[in-house]
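Thanks, everyone. I have one structure to show today, and I will go through it piece by piece. Here it is.

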Amino acid sequence: MVDESDLRNYLEKWDKTYWPTYKVLDVLQKVFYRSNPAREAFVEMCADEYVQKMTFDSYLYKRIYKMAATSAATFSIGAAISFGPKASQLPKSKPSAMRFSSQNSLTSFSGLKASTFVNCESESSFLGKESAIALRGSFTSKAQKSSHRSQYHLNLQASYKVAILGAAGGIVPRKPGMTRDDLFNINANIVKTLVEAVADNCPDAFIHIISNPVNSTVPIAAEVLKQKGVYNPKKLFGVSTLDVVRANTFVAQKKNLKLIDVDVPVVGGHAGITILPLLSKTKPSVSFSDEEVQELTVKIQNAGTEVVEAKAGAGSATLSMAYAAARFVESSLRALDGDADVYECSYVQSDLTELPFFASRVKLGRNGVEAIISSDLQGLTGYEQKALEALKPELKASIDKGIAFAQKQPVAA
Ligand SMILES: NC(=O)c1ccc[n+]([C@@H]2O[C@H](COP(=O)([O-])OP(=O)(O)OC[C@H]3O[C@@H](n4cnc5c(N)ncnc54)[C@H](O)[C@@H]3O)[C@@H](O)[C@H]2O)c1
Ligand SMILES: O=C(O)C[C@H](O)C(=O)O
């Protein structure tokens with residue numbers, strides 16, 4: 001359980017580049033949802049002291065406000081939220097004017113805007129089970145009784161459509177003994193066909209490619225989009241988030257750190273040695289012995305294979321991938337929503353190296369990739385520099401293979 005000093009510590013250390021907003025939100029959610037009278041004090045502290053000092057962007061600001069309102073609406077512990085002396089700088093609408101007005105509000109409260117509730121229901125939620133049930137029950141009953149007017153209303157903003165293609169489960173992933181590249185023959189054509197449909201139906205969408213081999217399927221998607229005349233490199237992403245999730249987890253375990261504190265950039269690609277965790281760039285700064293670097297790097301690179309082997313033919317990582325995909329989707333939605341501080345690692349068209357596609361940290365914005373963060377590749381250790389050079393031929397071969405495949409069977413315009 002987070003206490004006040006933890007919170008202060010997190011916020012003081014917050015570096016927007018390395019401390020994505022979601023981490024701060026996670027901490028704040030912990031605080032807001034516990035049934036603790038100190039909650040109001042935290043709200044004040046965040047709203048006044050830190051929000052002002054650290055010029056939190058307006059998005060985070062709104063989220064804090066919403067969380068506070070939701071928490072009070074649900075648990076009604078004692079009192080209305082007080083925002084202290086700087087209340088005039090909060091959004092203008094007052095809690096007393098708020099309401100969940102109808103079922104329609106619930107259905108349009110989708111995607112990013114529902115994330116507070118999604119978080120509440122997820123396994124990783126900071127809410128206890130009982131609180132989550134109470135919150136869910138409270139929210140549902142409010143929405144069902146359309147005539148019911150509660151005290152609170154959340155300012156609904158734009159909603160976004162998220163489509164997941166091919167998520168019914170059961171066939172495609174690799175079996176023990178296979179590499180991700182062994183999936184190429186099956187998945188290349190599936191990705192090609194699906195991206196053709198995306199190009200025809202929603203050419204402006206952010207496209208997240210999870211299907212393996214990602215190192216090749218992303219270049220395939222790029223070629224298809226080019227052939228269709230709708231390629232926007234800023235909106236095509238290979239999802240390498242799971243590598244970051246694994247790197248963070250293993251480093252936190254190894255160094256006895258809180259997972260929420262740890263951020264390890266992972267660059268390159270998403271297969272074997274092309275997965276390159278930059279342990280020297282870990283936040284918070286930690287030192288690793290040479291043996292630890294070697295052990296952790298290999299563990300992160302092989303984590304997917306380990307799962308495939310443990311499942312013994314029943315597929316590859318599913319729940320951790322679901323978590324990683326949810327995180328990347330939420331980050332994208334946040335970027336679309338105007339959050340100015342969204343950073344994720346992703347495999348994208350890139351000029352960081354001589355390779356046309358490369359995974360690195362990118363800044364996400366309303367139009368997709370706003371910037372590719374080059375600083376992670378500066379000042380690498382000797383081990384990392386060597387590993388970077390070593391991965392390039394393999395990654396290049398996978399990229400070339402994808403491009404050649406797509407060029408051999410051009411799509412109908
Ligand atoms: N990028 C990553 O980090 C990462 C992590 C885990 C899995 N993966 C990859 O994700 C892919 C799916 O893995 P999974 O565990 O979800 O497999 P799964 O078998 O559970 O799901 C695959 C789905 O694809 C559907 N499908 C098959 N052919 C299709 C077609 N022509 N059009 C549309 N849908 C079709 C199937 O019906 C099935 O629902 C695999 O390629 C796997 O290697 C990537
Ligand atoms: O390893 C796989 O085949 C699936 C996925 O790419 C993973 O990293 O778990």
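I'll start with ligand 2. The residues around it are Pro173, Arg174, Arg180, Asn212, Leu242, Gly304, Thr305, Val307, Val308, Ser316 and Ala317. Please keep in mind that this is a predicted model. Which helix gives the most to the shell around ligand 2? That is H11, residues 290-311, with 4 residues. By class, the shell around ligand 2 has 5 nonpolar residues, 4 polar ones and 2 charged ones.

Now the chain as a whole. It has 13 helices and 7 strands. Of its 413 residues, 40% are buried. Taking the contacts in the chain with a separation of 6 or more, 71% are between residues 24 or more positions apart.

Next, two helix pairs. The first pair is H10, residues 241-255, and H12, residues 319-336. Their axes come within 8 Å and cross at roughly 110°. With that angle, H10 is roughly perpendicular to H12. The crossing of H10 past H12 is right-handed. On the H10 side, the contact is made by Thr241, Leu242 and Val245. On the H12 side, the residues are Ser320, Met321, Tyr323, Ala324, Arg327 and Phe328. Sorted by class, this contact of H10 with H12 has 6 nonpolar residues, 2 polar and 1 charged. Leu242 has come up already, since it is also one of the residues around ligand 2.

The second pair is H9 with H13, where H13 covers residues 382-408. These axes come within 7 Å and cross at roughly 35°. H9 also passes H13 in a right-handed crossing. From H9, the contact takes in Asn215, Ser216, Thr217, Pro219, Ile220, Glu223 and Val224. From H13, it takes in Leu395, Ser398, Ile399, Lys401, Gly402, Ile403, Phe405, Ala406 and Gln407. The classes here are 8 nonpolar, 6 polar and 2 charged.

Let me stay with one residue of that contact, Ile403, which lies in helix H13. How is Ile403 classed by its C-beta neighbours? There are 18 of them inside 10 Å, so Ile403 counts as partly exposed. Leaving out residues up to four places away in sequence, Ile403 touches Pro219 and Glu223. Both of those are among the H9 residues I listed for the contact with H13. For a sense of distance, Ile403 and Gly166 are 237 residues apart in sequence, and their C-alpha atoms are 22 Å apart in space.

Another residue to look at is Leu352. You will find it in the loop between strand S5, 342-349, and strand S6, 357-365. Leu352 has 16 C-beta neighbours inside 10 Å and therefore counts as partly exposed. Not counting residues up to four places away in sequence, Leu352 touches Phe358, Ser360, Ile372, Ser374 and Leu377. Lys226 is 126 residues from Leu352 along the chain, and the C-alpha atoms of the two are separated by 21 Å.

The last topic is backbone geometry. As background, most residues other than glycine have a negative phi, and most peptide bonds are trans. I have two cis peptide bonds to point out. One joins Asn212 and Pro213, with omega about -5°. Pro213 sits in the loop between strand S1, 207-209, and helix H9, 214-227. Asn212 is also one of the residues around ligand 2. The other cis bond runs from Lys283 to Pro284, with omega near -5°. Pro284 is in the loop between strand S4, 275-277, and H11.

Then there are two positive phi values. Asn256, which is not a glycine, has phi near 55°. Where is Asn256? Its place is the loop between H10 and strand S3, 266-268. Asn256 has 6 other C-beta atoms within 10 Å, so this residue is exposed. Ala312 is not a glycine either, and its phi is positive at about 45°. Ala312 lies in the loop between H11 and H12. Because Ala312 has 9 C-beta neighbours inside 10 Å, it counts as exposed.

To go back to the start, H11 is the helix that gives the most to the shell around ligand 2, and the loop holding Ala312 lies between that helix and H12. That is everything I have on this one.

Terms used. Residues numbered from 1 in each chain as written. Chains lettered and ligands numbered in written order. Predicted model: local features only at pLDDT ≥ 70, side-chain atom pairs only at ≥ 80, totals over all residues. Near = placed C-beta within 6 Å. Nonpolar A, V, L, I, M, F, W, Y, C, P; charged D, E, K, R; others polar. Axes fitted to C-alpha atoms, helices over the stretch in contact; angles between N-to-C directions. Parallel < 35°, antiparallel > 145°, perpendicular 65-115°, else oblique. Left-handed = near helix turned anticlockwise from the far one by under 90°. Contact = placed C-beta atoms within 7 Å. Buried ≥ 20, exposed ≤ 12 C-beta atoms within 10 Å, placed from the backbone.
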